[in-house]
Amino acid sequence: MQGKLPDGITLIQADNYETWLVDVKVIDPNPIYQNETYRLKFTFSGQYPIEPPEVTFVRDATHPIPYHPHIYSNGIICLDLLDRQGWSPVHNVESVCVSLQSMLTSNTKKERPEGDDNFVRYNTQRPRDINFMFHDDTV
Amino acid sequence: MSAPSPIPPPNDRRNSRASSSASLPLQTPDDVAAEPGELRMVGGPPNSPSPLALRVSNSPSSKRRRSRIVKVPPEFQALEYVSTPDSNLVCLICHAPFDKPVQLPCEHYFCHDCLEHAWAPQSAGRKTCPTCRLKIEIDRDVKPVPKIVESMLDELVVRCSNSKAGCDWVDHRVNVHDHVMLYCEYTPVECPVSDCRLHIAQKDYHKGCLHYTVSCEDCHASLMRKDLEEHQRGICANRLTSCTLCDAELLRLDLRAHVSNDCPRHVISCQGATIGCKYRQERSDVLLHETTCAMATMAPHFREQQARIERNEARMEPLARKVGILEDGLSNITSMLYPANSNDASFPVTDPLDPNDTEPTTDFSLPPASFPPVAQGTESPQAQPPFDSQVHHLLTLHDSLREEVSRITNAMTELEGRANMMVFNESTRAKEDMLRTNTAINSMRMQLHWLMSSHLHNRTNSAGSSSARTTGNTSATAGGSNVTQSASARPGPSGALQMPFRRLSDSTRQDTKL
C-alpha cells in the first residue's frame, strides 16, 4: 500500500492491520502549525476498505492536537471523508493523510470547534458512531 | 507444467470457503467408499484409530462430507505475483490486480466483487463511483472492460497458490485456476477417511489418513504422520545431513556451527580484514594465506590494543563524570561566596565600598558595625585580581577567611574581658551598698532594743505599784488594759502624754513580729 510517501507524512507504526500511527506535518508556512508534528491514529475495522477507518489525532509529549475549527481537543476529527457517507473505498491511509494535511494547510483560524469543552467532557462515543453535521464546505 | 517434488506439504488449513461448484471427483464414488477401511489398516496405527480421528468422528458435521474431493479455487487477490504488477492494473479498492474487472462510464475500473462490496452499504438508487462519485445505474452503466485489459491481466505471471506447501509452478494467471483445481499435487483436499475432517495434499490422498500423531525416532518430537517425512528431511535436528559445501556428513544440529567454524569450503575473510586485508576465499585457502599475511599476524595485537583502548575509555567515563561533579561543587561554593558574581566565579571582584555590593560583607563580618576596619581588611586582598587559577584564588580566600576568624576571636576575648571587668566593678559597688545598708539596719535594731528594754522597765515598775490596788485581774487582756489604765492613772501627765505610750505599746508588738 505504501510506496514513497508524500512530504510531511511519515509512517510510524504499521505492525498489524488494526492500528497504524502516522505523523503529519504541515509543509506550507502556515503560522498556526509551524514547527509542529501531529500524530494520527488509524483504527481499521474488519470491513476496511469498504468501511472508513477511525482516524483521530493523538496527544503525547511531543505531539499536540492541532488547532482547527473541525478538530476537537480530544483529537476527534469532523471530516465528511471519514464518515460513512463521505468515505469511498478508493481512499487509503495516504490519501486520508494528504486530505488532513491540506485541511490544516488551508485553515486560518486558530480555534477549536464550537462546544468543544462540552463535547470533550461528555462524549463517550467512538468517532464512527457520532453523527456529525457537515455544514462547512470550505475545507 | 507442474513439477512434483516428493516433499509433502505442511498442514495447509486455509479458511475454506468451500464452493460446491469446485468439486472434482477424481475417483468414482465406489472406489472411495471401498477404500477408507482398507487405508486405515495400511496408514493408521495398527490397533486403534488415532485419537484425533476419534474426536473428529464425534463431530456432527463429519457425515456431511463423504468421499467428495473438495478443492478450494485460488483467490486472485491472495496470489503471489512474480513481479510487482503495473499500478494501472491494480484495483483501487483491494490494491491487487483486477479480478473480473468492470468499467464504469467515468472510465474507472474495479474488480467486480470489490465494487459489489463497496456498493453494499449504499442504498439502491444511489450508487456512485468510488473514485469520482458519479451516479451509476447498475444495469446500464457497469460494462465489461476492453479485451486488451483482460488479456494483460491474464498474462500476469503468478505463483501457484500452494507455493507455501511446496509447489513451484509459475505461469500466467489465466491458468492458475486449472492448475490448482486439476493438476497441482499440493492442493489440499479432504482426508479420504470419512470421519477425518482435516486436509491433506492431493498427492498423499491415496495413502489414506495420515492425521495421527507419531514421534520422530531421532528427536522424539511428536508430530503428525503426514508431516513426518518433511520433518525428517528438512527439520529434525538429530538426523544426519551433509554439508552442502564440503559434503561432510554431520547432524543437522551441528550444521550451522560447522559452516561458520570448520567447513573448509566456506568463504571467509582473512583475519587481517579488520585492518585492511582484502583477501576473501574459501577457508582452506584463507588458512594458507594467513601464514604469510602480515596483517593477519598483526591482527591479534591490534585487537588487544583496541580492547585496551576500549577498557581505558570505559574507565575514563566515570572519572570524567566525577570531575564534572567536583567542578559543579566548586562552582556552587564559589557562587555561594559571591552570589552577585556567580556567573563569573573565577574572577570575583567585590568592592567593599560599593553600596550595591554589601551582601558579601554582611555574610561573614557579623555584626558589621562593630568591626568595620576588620571587614575592610579582609575584603581588600580579595579585591585585587587576577589570580592564577580558581584553586589559587580559593586558597587565598581561605587564608584571609582564617585570618579574619582569628581576628574576630581576639576581639571577642577582649570584649569578654571588658564585660567581666564591668560586671566585677558593678558587683563590688553593690556589695558595698549592701554592707552599708546592713550596718544601718543593725544600728536601727540596736535603738529598738534600747527602746524596748526601757519600755519594759517602765511597765514592770508601774505593775509593781498597781498590784497592791487591783489583785483579781489574771487574764492577759485584762493585764493590757491595766497597763493603759495604770499609765493614765499615773499622776502628773496630761492627756497629751497618753498618745506616745499607746504608740509604744504598738511598736512593741511590731518588734516582736520582727
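**Exercise 1. Salt bridges, from the whole model down to one pair**

Task: Find how many salt bridges turn up over all chains of this predicted model, then work out which parts of chain A the pair Asp23(A) and Arg39(A) ties together.

Solution:
- Start with the whole structure: a search finds 14 salt bridges over all chains.
- Now zoom in on chain A, where the side chains of Asp23(A) and Arg39(A) meet in a salt bridge, 2.8 Å from N to O.
- Next, place the partners. Asp23(A) lies in strand S2 of chain A and Arg39(A) in strand S3 of chain A, so the pair ties together parts that are 16 residues apart in sequence.
- Then check how accessible they are. The cut-off for buried is under 20% relative accessible area. Asp23(A) comes out at 9%, so it is buried, and Arg39(A), at 16%, counts as buried too.

**Exercise 2. The strands of chain A**

Task: Describe how strands S2, S3 and S4 of chain A pair, and say which residues stand opposite each other.

Solution:
- First get the overall layout: chain A has 2 helices and 4 strands, and along the sequence they follow the pattern β-β-β-β-α-α.
- Take S2 (residues 19-25) and S3 (residues 37-43) of chain A: they pair in the antiparallel sense over 7 bridges. Lys25(A) stands opposite Thr37(A) in this pairing.
- Move on to S3(A) and S4 (residues 54-58) of chain A, which are also antiparallel, over 5 bridges. Here Thr43(A) stands opposite Glu54(A).
- A bit of background helps here: strands of a sheet pair through backbone hydrogen bonds, either parallel or antiparallel.

**Exercise 3. Two salt bridges in chain B**

Task: Work out where the partners lie in the salt bridge of Asp113(B) and Lys100(B), and in that of Arg407(B) and Glu403(B).

Solution:
- Begin with Asp113(B) and Lys100(B), whose side chains meet at 3.9 Å, N to O.
- Asp113(B) lies in helix H3 of chain B, while Lys100(B) is in the loop between helix H2 (51-58) and S1 of chain B, so this pair ties together parts that are 13 residues apart in sequence.
- Asp113(B) is partly exposed, with a relative accessible area of 31%.
- Now look at Arg407(B) and Glu403(B): their closest N and O atoms are 3.3 Å apart.
- Both of these residues sit in helix H13 (residues 390-466) of chain B, 4 residues apart, about one turn of the helix.
- Arg407(B) counts as partly exposed at 33%, and Glu403(B) is partly exposed at 45%.
- One more thing to spot, back in chain A: salt bridges that share partners join Asp23(A), Arg39(A) and Asp60(A) into one network.

**Exercise 4. Where the chains touch**

Task: Describe the interface of chain B and chain A by its contacts, its buried area and its residue classes.

Solution:
- Count the residues: 11 of chain B are in contact with 11 of chain A.
- Add the area: about 780 Å² is buried between the two chains, with carbon and sulfur atoms giving 64% of that.
- Find the main contributors. Ile93(B), His95(B) and Arg133(B) supply 52% of the area that chain B buries against chain A, more than any other three residues.
- Look for polar links: there are 2 residue pairs in polar contact, both at pLDDT 80 or more, and the rule finds 0 salt bridges across the interface.
- Helix H3 (residues 112-119) of chain B gives the largest share of the side of chain B that touches chain A, with 3 residues.
- Sort that side by class, and you get 7 nonpolar, 3 polar and 1 charged residues.

**Exercise 5. A histidine and its neighbours**

Task: Decide whether His231(B) is buried or exposed, and list what it touches.

Solution:
- Locate His231(B) first: helix H7 (residues 225-235) of chain B.
- With a relative accessible area of 9%, His231(B) is buried.
- Leave out residues up to four places away in sequence, and His231(B) touches Cys216(B), Cys219(B), Leu223(B) and Cys236(B).
- For the wider setting, 28% of the 514 residues of chain B count as buried.

Terms used: Residues are numbered from 1 along each chain as its sequence is written. Chains are lettered from A and ligands numbered from 1 in the order in which they are written. This is a predicted model: local features need pLDDT of at least 70, side-chain atom pairs count only at pLDDT 80 or more; totals for chains, interfaces and linings use all residues. Side-chain values use heavy atoms; hydrogens and water are left out. Contact means heavy atoms within 4.5 Å. Buried area is the accessible area (1.4 Å probe) that two parts lose on being put together, summed over both. A salt bridge is a side-chain nitrogen of Lys or Arg within 4 Å of a carboxyl oxygen of Asp or Glu. A polar contact is a pair of N or O atoms within 3.5 Å; within protein, one must be able to donate a hydrogen and the other to accept it, and residues adjacent in sequence count only if both atoms are side-chain atoms. Ala, Val, Leu, Ile, Met, Phe, Trp, Tyr, Cys and Pro count as nonpolar, Asp, Glu, Lys and Arg as charged, and the others, Gly among them, as polar. Buried means under 20% relative accessible area, exposed over 50%, partly exposed in between (1.4 Å probe, protein chains only). Two strands pair if DSSP finds at least two bridges between them.
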